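Work through the exercises below with the structure open. Each task is followed by a solution in steps.

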Amino acid sequence: MPISQNVTLQGEVTIHHPDLVNLYGCTVGDGSKIGAFVEIQKGAAVGERCKISSHSFVCEGVTIEDEVFVGHGVMFTNDRFPRATNPDGSAQTDADWTLELTRVKRRASVGSNATIVCGVTIGEGALVAAGAVVIRDVPDYAIVAGVPAKVVGDVRENG
């Protein structure tokens with residue numbers, strides 16, 4: 001089942017293609033819209049009146065506050081040093097890695113195909129350009145672009 005029974009959909013949540021999403025153990029706030037081919041994992045939270053565009057991945061440990069826009073194909077991460085196995089060759093379990101939290105503050109926008117490396121905060125009203133790779137905190141209202149993402153402007157000065 002693409003939307004598991006342990007998902008909390010608060011109020012009116014629009015999921016355009018419920019058969020084409022993978023939601024489990026997450027919370028999605030009132031008025032939010034979820035596009036096709038989106039995965040939102042356990043322990044992730046999406047606030048109210050957000051838009052999560054198609055093909056995006058919101059993993060465990062990500063908190064997206066209210067009124068956030070997430071463009072197409074945005075990838076969040078939650079492990080800074082991912083490995084499939086331990087040094088002895090045994091498969092890793094939940095006990096073998098460290099979950100790093102990520103926060104996207106209110107009214108921020110994340111452009112299509114951006115990658116958000118875990119452990120960062122994207123500030124209120126900030127704008128992450130399409131294709132950017134965010135590896136450090138983004139200040140409130142900053143515009144960031146590039147690989148790695150660097151501040152290139154201020155939303156308040158650019159309309």
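**Exercise 1. Classify Lys 105 by exposure, then find its salt-bridge partner.**

Step 1. The model is a predicted one. Lys 105 has a relative accessible area of 22%. Buried would require under 20%, and exposed over 50%. Lys 105 is therefore partly exposed.

Step 2. Look for a carboxyl group next. The side chain of Lys 105 meets that of Asp 140 in a salt bridge, at 3.9 Å from N to O.

Step 3. Place both ends. Asp 140 sits in the loop between strand S18 (133-134) and S19, while Lys 105 sits in the loop between S13 and strand S14 (109-110). The two are 35 residues apart, so the pair links distant parts of the chain.

Step 4. Check the partner. Asp 140 is partly exposed, because its relative accessible area is 35%.

**Exercise 2. Describe the salt bridge of Arg 106, and name the network that includes this residue.**

Step 1. Arg 106 and Glu 124 meet through their side chains in a salt bridge of 3.6 Å, N to O.

Step 2. Arg 106 belongs to the loop between S13 and S14. Glu 124 belongs to the loop between strand S16 (121-122) and S17. They are 18 residues apart.

Step 3. Arg 106 has 34% relative accessibility and so counts as partly exposed. Glu 124, at 27%, also counts as partly exposed.

Step 4. Widen the view. Salt bridges link Glu 48, Arg 49, Glu 67, Arg 106, Arg 107 and Glu 124 in a network. A search of the whole structure finds ten salt bridges.

**Exercise 3. Which parts of the chain does the salt bridge of Lys 42 and Asp 94 link?**

Step 1. The side chains of Lys 42 and Asp 94 meet at 4.0 Å, N to O.

Step 2. Lys 42 is in the loop between S6 and S7, and Asp 94 is in the loop between S12 and S13. They lie 52 residues apart.

Step 3. Compare each value with the cut-offs. Lys 42, at 37%, is partly exposed. Asp 94, at 58%, counts as exposed.

**Exercise 4. Is Gln 41 buried or exposed, and what surrounds this residue?**

Step 1. Gln 41 is found in the loop between strand S6 (39-40) and strand S7 (45-46).

Step 2. Its relative accessibility is 16%, so Gln 41 counts as buried.

Step 3. Neighbours within four places in sequence are set aside. Contacts of Gln 41 then include Tyr 24, Cys 26, Phe 57, Cys 59 and Asn 78.

Step 4. A polar contact of 3.5 Å joins the side chains of Gln 41 and Glu 39.

**Exercise 5. Place Ser 32 and give its side-chain contact with the backbone.**

Step 1. Ser 32 lies in the loop between strand S4 (27-28) and strand S5 (33-34).

Step 2. Its relative accessible area is 0%, so Ser 32 is buried.

Step 3. The side chain of Ser 32 reaches the backbone nitrogen of Arg 49 at 3.3 Å. Ser 32 also touches other residues, among them Glu 12, Val 13, Thr 14 and Cys 50.

**Exercise 6. Characterise Arg 103 in strand S13.**

Step 1. Strand S13 spans residues 102-104 and contains Arg 103.

Step 2. At 36% relative accessible area, Arg 103 is partly exposed.

Step 3. Residues up to four places away in sequence are not counted. Arg 103 touches Thr 63, Glu 65, Val 120, Thr 121 and Ile 122. With Glu 65 there is a side-chain polar contact of 2.6 Å.

**Exercise 7. Trace the sheet and find its edges.**

Step 1. Eight strands form an open sheet in the order S2-S5-S8-S11-S14-S17-S19-S20, with mixed pairing.

Step 2. Strand S2 (14-15) and strand S20 (150-154) each have a single partner strand, so one side of each is left without a neighbour in the sheet.

Step 3. Strand S17 (residues 127-128) runs parallel to strand S19 (residues 142-145), joined by two bridges. Val 128 stands opposite Val 144 in S19.

**Exercise 8. Which residues touch the most other members of the largest nonpolar core?**

Step 1. This core has 38 residues. Ile 34, Ile 40, Ile 64, Phe 76, Ile 116 and Ile 122 touch the most other members.

Step 2. Strand S10 (62-64) and S19 each supply at least two residues of the core.

Step 3. Take Ile 64 as the example. Its contacts beyond four places in sequence include Ala 45, Cys 50, Ile 52, Phe 76 and Val 104.

Terms used
Residues are numbered from 1 along each chain as its sequence is written. This is a predicted model: local features need pLDDT of at least 70, side-chain atom pairs count only at pLDDT 80 or more; totals for chains, interfaces and linings use all residues. Side-chain values use heavy atoms; hydrogens and water are left out. Helices (H or I, at least four residues) and strands (E, at least two) are DSSP runs, numbered from the N terminus. Buried means under 20% relative accessible area, exposed over 50%, partly exposed in between (1.4 Å probe, protein chains only). Contact means heavy atoms within 4.5 Å. A polar contact is a pair of N or O atoms within 3.5 Å; within protein, one must be able to donate a hydrogen and the other to accept it, and residues adjacent in sequence count only if both atoms are side-chain atoms. Two strands pair if DSSP finds at least two bridges between them. A nonpolar core is a set of buried Ala, Val, Leu, Ile, Met, Phe, Trp, Tyr and Cys residues joined through side-chain atoms within 4.5 Å.
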